[in-house]
Number of protein chains: 2
Amino acid sequence: MHTTLIGGDWGSSNLRVFRFGDAGQILEQRDVARGVLTVVNRAFESTLSQVIGDWLDSAEVPILLCGMVGSRQGWAEAPYISCPARLNDLRGKKIRVHTASFAVSIVPGLMVRGGDGRLDVMRGEETQIFGMDEIRHPTVAGTHVVVTPGTHSKWAIVEGGRIVDFSTYMTGELFAVLRAHSILGKLMQVDTYDHAAFDHAAFELGVTRALEDPAITRLLFSVRCEGLFETIAPQALSEYLSGLLIGAEIGAAISHCARVPVTVVGSPQMTSLYQKALALAGVTAVTIVDGDRAVGVGLWQLAQENRP
Amino acid sequence: MHTTLIGGDWGSSNLRVFRFGDAGQILEQRDVARGVLTVVNRAFESTLSQVIGDWLDSAEVPILLCGMVGSRQGWAEAPYISCPARLNDLRGKKIRVHTASFAVSIVPGLMVRGGDGRLDVMRGEETQIFGMDEIRHPTVAGTHVVVTPGTHSKWAIVEGGRIVDFSTYMTGELFAVLRAHSILGKLMQVDTYDHAAFDHAAFELGVTRALEDPAITRLLFSVRCEGLFETIAPQALSEYLSGLLIGAEIGAAISHCARVPVTVVGSPQMTSLYQKALALAGVTAVTIVDGDRAVGVGLWQLAQENRP
């Protein structure tokens, strides 16, 4: 079937691409470990060509990208739009990338500047959020909280289709660098990692401790101590660390969740962990949205012209 | 002059050795970047020989080591003694390492197990603490708080010459891994690091923010945001990160500091940062102790026979 649009969420670690038909239906999808940080010598064009070259029936097929690809470390720096921002605000601020062979545009990011001087930014998650049916067509009026777990987890406050504020937690990146580069990884058996063997008890212990005690830079050292005395098994230390970091995030953000709908957007694996951790924090009414679908719909929506 | 004892603080990154005369005076001192984690193929004996070989006037000169060298990743695993513990408790539990050429012993570590199941461990800092004149001969009765900033900062509660409790904060290691391996290091100009150009304003901003807000996994992302918008200069981002992490540590531990003497033990550079950060948290009466001297005295003290 004819390709109307190619969309891509090009983050730090992964590139996820979608081929859209005339009505916005996703005809095909690919996910490759060719994130922005893996691209050397700025070979963005050839990397993209390798991944989607066979999808291009003509050079005029528009390509729309979101995520870290629009950052200073990416292909071209797209602006940050200030919050509050709605879908239409982003549609009008896409940037065109000048390439020899492709018609590539990049979605802008979002920024927020708090009254206390607090700054925050996002790139990619805005596309997921505007791709959620629950946000574009809310069944509940008022404020929504949307959580996008990941390398840099975002907690966004959404009101009437506008992202009004958000905060970033370095949960996923802390997990990765502490496991790979700190003493906490020394006692872990990460080479035998097996998704089916995920130790839920260790994860929940971590979440519970972090919800009770906000001193996460102290709690982190307990990963080593529990490993040294084998009070947590080596193959469960990774889950315990994950629980501590997700618990710290939820403990800090939980004040936003009182009496508002909470939605978690992401992969089935991540959303189920957050759902479990939120339940331990007393938040049980959580909507789960598939992250792949949300970003695909968001890219399609952002590719359309502005509407009044 | 005759060598009575060789003492060494052999940590993860560095080996610091002392040559003692008959009365415990330090005749010579060396500090080399040959920490336990740099020793390959368990070549502890040859590493030590390279560093202190010329100090040995006979094979019988006793060598006493403390620190990570006694951990599971070290030369030989020394036990952990449970808190509360006094100097004499450690003297009796040194382990002897069997080597072809040296008379090496290793100081045990300390552990604490809280009523809530909390575990913590130290190796090396106990020797510093028992090396402090202020702890062995306190001029103020009652509780003392001793802080040893570093890779794994320790906050110890000392009563009547006994270490009764302590907590570890991963401050120094978080700083190092985030700077080297996370997105926070991307915008830093760390290659131009210059001690004299240390940006105190950025450090103090970090401390202040972390004292006001315990959500450190969120605050950490502000290092990137402040860098992106150049609201903090690239060459000051490292100091801002340092301030955030030290502020988080002090904010979490500050409750121990009410109406008790607080002593910070370490290098002049680290102790002055902690003194500044403690002042921002309202703790102004702080005693500073030189870490080198403390560990040297501690090794000499621990090498002596038990006393009633």
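Buried area is the accessible area, taken with a 1.4 Å probe, that two parts lose on being put together, summed over both. With that in hand, let us work through some exercises.

A word on the model: it is predicted, so local features need pLDDT of at least 70 and side-chain atom pairs count only at pLDDT 80 or more, while totals for chains, interfaces and linings use all residues. Residues are numbered from 1 along each chain as its sequence is written, chains are lettered from A and ligands numbered from 1 in the order in which they are written, and side-chain values use heavy atoms, with hydrogens and water left out.

**Exercise 1. Describe the contact between chain A and chain B.**

Step 1. Begin with the residues: chain A brings 46 residues to the contact and chain B brings 46 residues. Contact here means heavy atoms within 4.5 Å.

Step 2. Turn to the area. About 4100 Å² is buried between chain A and chain B, and carbon and sulfur atoms give 68% of it.

Step 3. Look for charged pairs. One salt bridge is counted between chain A and chain B, a salt bridge being a side-chain nitrogen of Lys or Arg within 4 Å of a carboxyl oxygen of Asp or Glu. The partners are R72(A) and E230(B), whose closest N and O atoms are 4.0 Å apart.

Step 4. Ask which elements of chain A take part. At least two residues each come from β10 (119–122), β13 (162–169), α5 (171–181), α7 (216–219), α8 (221–228) and α9 (237–253) of chain A. Helices (H or I, at least four residues) and strands (E, at least two) are DSSP runs, numbered from the N terminus. With six residues, α8(A) gives the most to the side of chain A that touches chain B.

Step 5. Sort that side by residue type: 24 are nonpolar, eleven polar and eleven charged. In this sorting Ala, Val, Leu, Ile, Met, Phe, Trp, Tyr, Cys and Pro count as nonpolar, Asp, Glu, Lys and Arg as charged, and the others, Gly among them, as polar.

**Exercise 2. Work out how chain A is placed relative to chain B.**

Step 1. Recall the general rule: two copies of a chain are related by a rotation about an axis and a shift along it.

Step 2. Apply it. A turn of 180 degrees with a shift of 0.0 Å along the axis lays chain A on chain B with an RMSD of 0.0 Å. This is the relation of a two-fold axis. The copies are superposed by least squares on the C-alpha atoms of residues with pLDDT of at least 70 in both.

Step 3. Check the surfaces. Of the interface residues of chain A, 100% are also interface residues in chain B, so the copies meet through the same surface.

**Exercise 3. Follow two salt bridges in chain B and say whether their residues are buried or exposed.**

Step 1. Take D133(B) and R293(B), which form a salt bridge with closest N and O atoms 2.8 Å apart. This pair links distant parts of the chain, with D133(B) in helix α4 (residues 133–136) and R293(B) in helix α11 (residues 291–303), 160 residues apart.

Step 2. Judge their exposure: buried means under 20% relative accessible area, exposed over 50%, and partly exposed in between (1.4 Å probe, protein chains only). D133(B) has 32% and is partly exposed; R293(B), at 45%, is partly exposed too.

Step 3. Take R209(B) and E226(B), whose side chains meet in a salt bridge at 2.8 Å, N to O. R209(B) lies in helix α6 (residues 200–212) and E226(B) in helix α8 (residues 221–228), 17 residues apart.

Step 4. Judge again: R209(B) is buried at 18% relative accessibility, and E226(B) is buried at 4%.

**Exercise 4. Find some backbone features outside the helices and strands.**

Step 1. Look at the bond from C83(A) to P84(A): this peptide bond is cis, with omega near 0 degrees. P84(A) sits in the loop between β5 and β6 (85–86) of chain A.

Step 2. Move to R42(B), which has a positive phi of about 55 degrees although it is not a glycine. R42(B) belongs to the loop between β3 (26–32) and α1 (44–52) of chain B, and at 53% relative accessibility R42(B) counts as exposed.
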